[in-house]
Amino acid sequence: MYYVFAYHVIPTSEPRLQGSHSVLNGTPGLVVMPVDTDGLIYYKVKDMHNAAPYISMIDRELKEKHGIECHDDGTCNILADKADYVKHLKRSALFPNNSLCNKKTNFGFSIGKPCFIVRVNKVYNWKPEPYTSLSDIPSEFPKYRYHKNFIGIYCYGLDSPDKDNLGRIVYMPISGIPFEFFPYLNQKHYVSAFTWIQLIVWHD
């Protein structure tokens, strides 16, 4: 009697199932920070106690996922072990001179203009592709913000009350998330690119 054994070695540096064969079917999702377990972020500018967890989430997200450490005076620096990747992000685009998305303003929360971080989930070997024609761009997305080398991000209200109270939104960088951070191939010290979403009109 003979026994035949077969085995397959699963690589540790990359997933066995990729692209359309993966659980995500090759389509990444968006991560938004900060978040609340109840789904609704609510706080009062005059009472920042409820906003403290959100501010901490952003601070931790910047440091752990993007290699950026921010300080109380409004300045930020790139962590040494992340420098090779973060240098691709133009500082002037993420932290322009007139930006209120910094730690001095508690990322906009203390002045009633909160900022949110939006990034793409890491999907191994996924590459974004530009639209082949401007006519293919969704009608809701402002054409002036489109750039063929960026992932465009657009926010909108789900229903009439949301749309009426959403107010003006500022995007930094204005075109979204740059392609040059993709694909993710399990690079050492890899950091995810992101864009700021700031709500200019906020009611306390």
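Reading the calls in a predicted model

User: Why does Tyr156 count as exposed?

Analyst: In this predicted model, Tyr156 has a relative accessibility of 55%, and since exposed means over 50%, Tyr156 counts as exposed.

User: What makes Tyr154 partly exposed?

Analyst: The relative accessibility of Tyr154 is 34%, which lies between the limit of under 20% for buried and that of over 50% for exposed, so Tyr154 counts as partly exposed.

User: Why is the pair of Tyr154 and Tyr156 called stacked?

Analyst: The structure holds 10 aromatic pairs. In the pair of Tyr154 and Tyr156 the ring centres are 5.9 Å apart, where a pair requires centres within 6.5 Å, and the planes stand at 25°, where stacked requires planes under 30 degrees apart; therefore the pair is stacked.

User: Why is the pair of Tyr184 and Tyr190 called tilted?

Analyst: The centres of these two rings, Tyr184 and Tyr190, lie 5.0 Å apart with the planes at 55°, and because stacked needs under 30 degrees and edge-to-face over 60, the pair is tilted.

User: How do you know whether Tyr184 and Tyr190 are buried or exposed?

Analyst: The relative accessible area is 14% for Tyr184 and 11% for Tyr190, and because buried means under 20%, Tyr184 is buried and Tyr190 is buried as well.

User: Which residues form one aromatic cluster?

Analyst: One aromatic cluster is formed by Tyr43, Tyr54, Phe109 and Phe116.

User: What makes the charged end of Arg145 sit over the ring of Tyr171?

Analyst: The charged end of Arg145 is 3.7 Å from the centre of the Tyr171 ring, set against a limit of within 6 Å, and the call also requires a position within 35 degrees of the ring normal; the charged end of Arg145 is listed as sitting over this ring.

User: What is known of the two faces of strand E6, residues 169-172?

Analyst: Both faces are covered, with Ile169 and Tyr171 buried on one side and Val170 and Met172 buried on the other. In a regular strand the side chains alternate between the two faces of the sheet.

User: How do you know that E6 and E8 pair?

Analyst: Strands pair when at least two bridges are found between them, and E6 and strand E8, residues 194-199, share 4 bridges in the antiparallel sense. Within this pairing, Val170 stands opposite Gln198 in E8.

User: How much of the protein is buried?

Analyst: Of the 204 residues in the protein, 37% are buried.

Note on methods. Residues numbered from 1 in each chain as written. Predicted model: local features only at pLDDT ≥ 70, side-chain atom pairs only at ≥ 80, totals over all residues. Heavy atoms only, no water. Buried < 20%, exposed > 50% of the residue type's maximum accessible area, 1.4 Å probe, protein only. Phe/Tyr/Trp six-rings, centres within 6.5 Å; stacked < 30°, edge-to-face > 60°.
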